[in-house]
Amino acid sequence: MKYRLQSIVFVLTAFLLGCNEFMVVGVISNIAKSYHASLSTVGLLVTFFAITYAVCTPVLTTVTSKYNRFKVLMAMLVIFWIGNTMTALAPNLFWLFVAQIITAAVAGVIISLILVFVSVIAPLEKRSMLVAAVFSGFSTATIIGVPVGTTISMLSSWYISFLVISVLTIIIGAALYWLVPRDSDQVTGSIKSQLRLMGDRRIVLGVVVMIALMAAEYTFYTYIRPIITDVLGYSTAQLNWLLGLIGVMFILGNTAAGIVSSHYGIAKMPQVSAACLILLLVMGLAFHLSWMGIALLCLICFVLGMPGSILQVMFLNVADRDYPEAISLASSLNPICTNVGVSVGSLVASISVNFVPISQVGYIGAIFALIGVVGTMMLVKIK
């Protein structure tokens, strides 16, 4: 019973973090309007958040690994709450960027610690499915949190959307305080010994692949709202349920990833990467028909929902067997890679939309997907 409750609250924590990070995508137009800023300028919020996340996560995760995990998790949640509340109360765009940077600095540490606790409480045979379930929390944020936040912003203000997240932080934080183990076995080591993990070829290639595929995703997902409304011609009223549908596909992809990882490990990753490449190449053609464009977006989001869970399980397993002192660092690799990929993809997208139509960004993403194909082919050959 306790394991089930722990699993649920871990998923809810990922949902909370996902709402905070992805809410900007759903309300980007509202933010731009309230601060009288351009869409491309506000789009840089995604980039700055991701860069901060990627830089701070490995540093804070490594430095805090010698301290009690439970206490570190609680401290990071308090800082997260402060940053998110500042976001809701930001008087101008400058303070909005500052607030998001504060939040991003600790968000990666929180999810990394959650993944460490997953490896602590879950039997090895259940690890893949629980990791996939945690990542489904991010997708659930897309299907429930982002549309709800978008609706709130249209009915009142986008500020209220972030205040709701602050309230949820208090509730979920209380549940974590009750359910997370106060003490768990920790193999400590110097920063140098932990960084040995990053010299493993499996880890290096896994990192490259994850960054590439996330960059491929965010070349189009950064502007998913204008793609749906401006390119495909759907109304604002239809936007929420279409974002929800896309979120469902991410969840289904995460679920499929848990099954694939349990049975095949990383052996099927080349096929996943190749599917991403093909779908991105035909994206521009599919956008000529509204229904076909949505169908393709759903399919590619299903496929892109898979790599993160599969590779994160590999990271944890490699660390568990060969670098136990670096388990915290291994748990942070997915959020680090994800946000490096997001920053690269969103930055490239922000630049690209000044030169090419939004409908053509799939071709830019295909370049990153090709790197993912090559990387996964090399990865599966390592014994």
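Biologist: Is Cys337 buried or exposed, and what is its relative accessible area?

Modeller: Welcome! This is a predicted model, in which local features need pLDDT of at least 70 and side-chain atom pairs count only at pLDDT 80 or more, while totals for chains, interfaces and linings use all residues. Residues are numbered from 1 along each chain as its sequence is written, and side-chain values use heavy atoms, leaving out hydrogens and water. Buried means under 20% relative accessible area, exposed over 50% and partly exposed in between, with a 1.4 Å probe and protein chains only, and Cys337 is buried, with a relative accessible area of 2%.

Biologist: How many disulfides does a search of the whole structure find?

Modeller: A disulfide is a pair of cysteine sulfur atoms within 2.5 Å. The sulfur of Cys301 is too far for a bond, because the closest cysteine sulfur, in Cys298, is 7.1 Å away. Cys337 is in no disulfide either, with the nearest cysteine sulfur, that of Cys276, 16 Å away. For the whole structure, the search finds this number of disulfides: zero.

Biologist: What secondary structure does the protein have, counted in helices and strands?

Modeller: Helices (H or I, at least four residues) and strands (E, at least two) are DSSP runs, numbered from the N terminus. By that count, the protein comes to 16 helices and zero strands.

Biologist: Where does helix H1 bend, and by about how many degrees?

Modeller: Helix H1 covers residues 2-34, and its 33 residues reach 45 Å from first C-alpha to last. That is close to the expected 48 Å, a span defined as 1.5 Å times one less than the number of residues. The bend at a residue is the angle between axes fitted to the seven residues ending there and the seven starting there. In H1 it falls at Val27 and comes to about 75 degrees.

Biologist: Why is helix H9 described as largely enclosed, and how many of its residues are buried?

Modeller: H9 spans residues 224-231, and its buried residues are Ile224, Arg225, Pro226, Ile227, Ile228 and Thr229. Gly233, with a positive phi near 85 degrees, follows the helix. H9 is largely enclosed by the rest of the structure because the number of its eight residues that are buried is six.

Biologist: Which residues touch the most other members of the largest nonpolar core?

Modeller: A nonpolar core is a set of buried Ala, Val, Leu, Ile, Met, Phe, Trp, Tyr and Cys residues joined through side-chain atoms within 4.5 Å. Ile228 is a good place to look: leaving aside residues up to four places away in sequence, it touches residues including Tyr234, Leu243 and Leu297. Of the 129 residues in this core, those touching the most other members are Phe10, Leu73, Leu176, Leu197, Phe220, Ile228 and Leu297.

Biologist: Which residues does Leu304 touch, apart from those up to four places away in sequence?

Modeller: Leu304 lies in helix H13, residues 290-304, and counts as buried at 8% relative accessibility. Contact means heavy atoms within 4.5 Å. With that cut-off, Leu304 touches Leu213, Glu217, Phe220, Phe250 and Cys276.

Biologist: What is the radius of gyration of the protein?

Modeller: The radius of gyration is taken over C-alpha atoms, and the globule rule is 2.2 Å times the number of residues to the power 0.38. The C-alpha trace spans about 55 × 45 × 40 Å along its principal axes, and 60% of the 383 residues count as buried. A compact globule with 383 residues would have a value near 21 Å, which agrees with that of the protein, 19 Å.
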